[in-house]
Amino acid sequence: MTPNRRTLLHAGVGVTATLASAALAGQPSGPRDSQSPGPLLANDAESRAAAAQDFGHIVDRRPRAVCKPATSGEVADIMRWAKDQGLKVAARGQGHATYGRAMAEDGIVMDLGMLATIHRVEPDRVVVDAGATWHKVVDATLAKGLVPPVLTNYLELSVGGTLAVGGIGGSSSRHGLQTDQVLELDVVTGEGVELTCSPTSHPELFDAVRAGLAQCAIIVRATLRLMRAPERVRRFQLSYPDLASLTADQRRVLEEARCDQLQGAVVPDGTGGWRYQMEAGVFYDGKMPDDGALLAGLADKRETVSDLTFGEDANAFAKLEKILRANGQWLNPHPWLLTYLPGSNVLKIARDVIAELNSDDLGPFGRITYYPMFTDRCRTPLLRLPDERVVFPFNLIRIPASADRANAERLVMRNRELYERIRSAGGVLYPVSALPMSSSDWTDHFGVRWSLLCEAKGRHDPGSHLTPGYELF
Ligand SMILES: Cc1cc2nc3c(=O)[nH]c(=O)nc-3n(C[C@H](O)[C@H](O)[C@H](O)COP(=O)(O)OP(=O)(O)OC[C@H]3O[C@@H](n4cnc5c(N)ncnc54)[C@H](O)[C@@H]3O)c2cc1C
């Protein structure tokens, strides 16, 4: 092992120990491959407890050890060794999953926080390590006047973490998901093999990794499409008296391509009712756009308009994070339910669900994300959507005011009931949700794409070592 690598690994949390020296009773022993220098594992209580939690704060699954690889080769060494030992492995990016999806009970959690280099920014692409946050990616690309076409609303998520699920944001109505912007991926399969995949090289693996819930491989590096960054964003928040008028105007704005970013939400109004909001962003350089062009003919008469640099706009969620960290709610349980509703009956389903919710079910800072998008922009095979031209993300972003575990468990069960209802009405889950799922639920979820995932799993992780947290296999 090079001194540099040793130093990096020792910089991790808590006590580290070589695999060989960690041969406590029942603990893993060192890799047999003499070519591999032997990864270091942190098996102290503090490291294991940290990896047994996520943003959801609902499930607690303690790994046997945590490792912090700093190179693709180390990821492969650890993967091969864990496979030989018969251990499960979960990659962890920023730990913002809500239901234990980055956990591996009695297995190995591979924290990719040290694999976070931005390698190159070129005029049409950026090459980044998968443990980098989107914040870091945006900082590097904006410095060259470029930006990924789709950003999540929160930028402190890792590139690998969002590519494993999809990655949706304000400009998805224009560009699809983050998984649609990927040009190439370097991965380590469940067999511990390092491969590069793209639409032309191992295309079946490329399709199984993007939004594939980390079942076949760990992403170590990604080449992502870039576009020119606008200088500024003109941001509109429009208010509506009810869901029907919000929906009608959102559809109009979408169909007429009036904005670059389109989202919206149903928000508790603090008195037991709801506020209905459209959120739209128009990009511009130099001359300010004509507000009238966005607003013409819309029902809203109480718009709020703000004008921000692209960077300020992309980081807007940081303000809410600061508030929630200050009031303690960032660390409360977060039993989120995220789904896509079919456009054809969206009003009925959304109205029925909202009628049964009370503001305590969401919390004072919670919201229901709600907006339309075109499905033809989404080309990732494993990203499942209702089979319609227009669908609506419909996300219960629950931020309870208390840390009450019983309440969180009640809301998880409620998520399950709502999921079944939404599914039977043609809706589809966005798998970042907090609810129990069975293998047959996943078969149903992936539908005609299930065989794509199963075949890739059989080829690249036949021992089913990767990512037990989704309980797919
Ligand atoms: C405050 C907040 C805001 C959010 N906003 C959005 C949003 O706007 N749009 C959106 O789409 N989602 C959003 N999400 C959901 C988020 O995209 C997912 O939960 C994402 O998986 C979290 O990324 P992470 O780096 O924290 O991953 P983790 O929680 O660490 O891991 C999540 C899953 O990804 C896998 N994984 C992590 N890294 C890799 C890798 N390198 N290779 C393969 N698999 C890997 C893990 O094994 C696990 O299964 C939000 C979540 C939070 C908490």
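## Threonine 189

Threonine 189 makes contact with Met79, Leu195, Leu205, Cys216, Ala217, His460 and Leu466, leaving aside residues up to four places away in sequence. The model in which these contacts are found is a predicted one. Threonine 189 belongs to strand E9, which covers residues 182-189.

Is threonine 189 buried or exposed? Its relative accessible area is 2%. Buried means under 20% relative accessible area, so threonine 189 is buried.

## Ligand contacts

The ligand is surrounded by 35 residues, and the closest of them are Ala91, Gly93, His96, Ser158 and Tyr430. Two of the contacts described here involve oxygen atoms of the ligand. In one, a backbone N or O atom of alanine 91 is 2.6 Å from a ligand oxygen. In the other, a side-chain N or O atom of serine 158 lies 2.7 Å from an oxygen atom of the ligand. A nitrogen atom of the ligand is also placed 2.9 Å from a polar backbone atom of isoleucine 219.

On its own, the ligand would expose 950 Å², and the protein buries 96% of that area. The elements that contribute two or more residues to the surrounding shell are strand E4 (89-92), helix H5 (159-163) and strand E11 (217-225).

## Make-up of the shell

Which classes of residue form the shell around the ligand? Nonpolar residues number 21, polar residues 12 and charged residues 2.

## Chain fold and dimensions

The secondary structure of the chain consists of 16 helices and 21 strands. The chain has a radius of gyration of 22 Å, close to the 23 Å that the globule rule gives for 473 residues, so the chain is as compact as a globular protein of that length. Along the principal axes, its C-alpha atoms fill a box of roughly 70 × 50 × 45 Å.

Contacts in the chain can also be sorted by sequence separation. Of those between residues at least 6 apart in sequence, 71% join residues at least 24 apart.

## Burial and surface

Of the 473 residues in the chain, 56% are buried. Threonine 189 is a buried residue. The area exposed by the chain is about 18300 Å², and 52% of this comes from carbon and sulfur atoms.

Methods. Residues are numbered from 1 along each chain as its sequence is written. This is a predicted model: local features need pLDDT of at least 70, side-chain atom pairs count only at pLDDT 80 or more; totals for chains, interfaces and linings use all residues. Side-chain values use heavy atoms; hydrogens and water are left out. A residue is near a molecule or strand if one of its heavy atoms lies within 4 Å of it. A polar contact is a pair of N or O atoms within 3.5 Å; within protein, one must be able to donate a hydrogen and the other to accept it, and residues adjacent in sequence count only if both atoms are side-chain atoms. Accessible areas come from the Shrake-Rupley method with a 1.4 Å probe; for residues, only the protein chains shown count as cover. Helices (H or I, at least four residues) and strands (E, at least two) are DSSP runs, numbered from the N terminus. Ala, Val, Leu, Ile, Met, Phe, Trp, Tyr, Cys and Pro count as nonpolar, Asp, Glu, Lys and Arg as charged, and the others, Gly among them, as polar. The radius of gyration is taken over C-alpha atoms; the globule rule is 2.2 Å times the number of residues to the power 0.38. Buried means under 20% relative accessible area, exposed over 50%, partly exposed in between (1.4 Å probe, protein chains only). Contact means heavy atoms within 4.5 Å.
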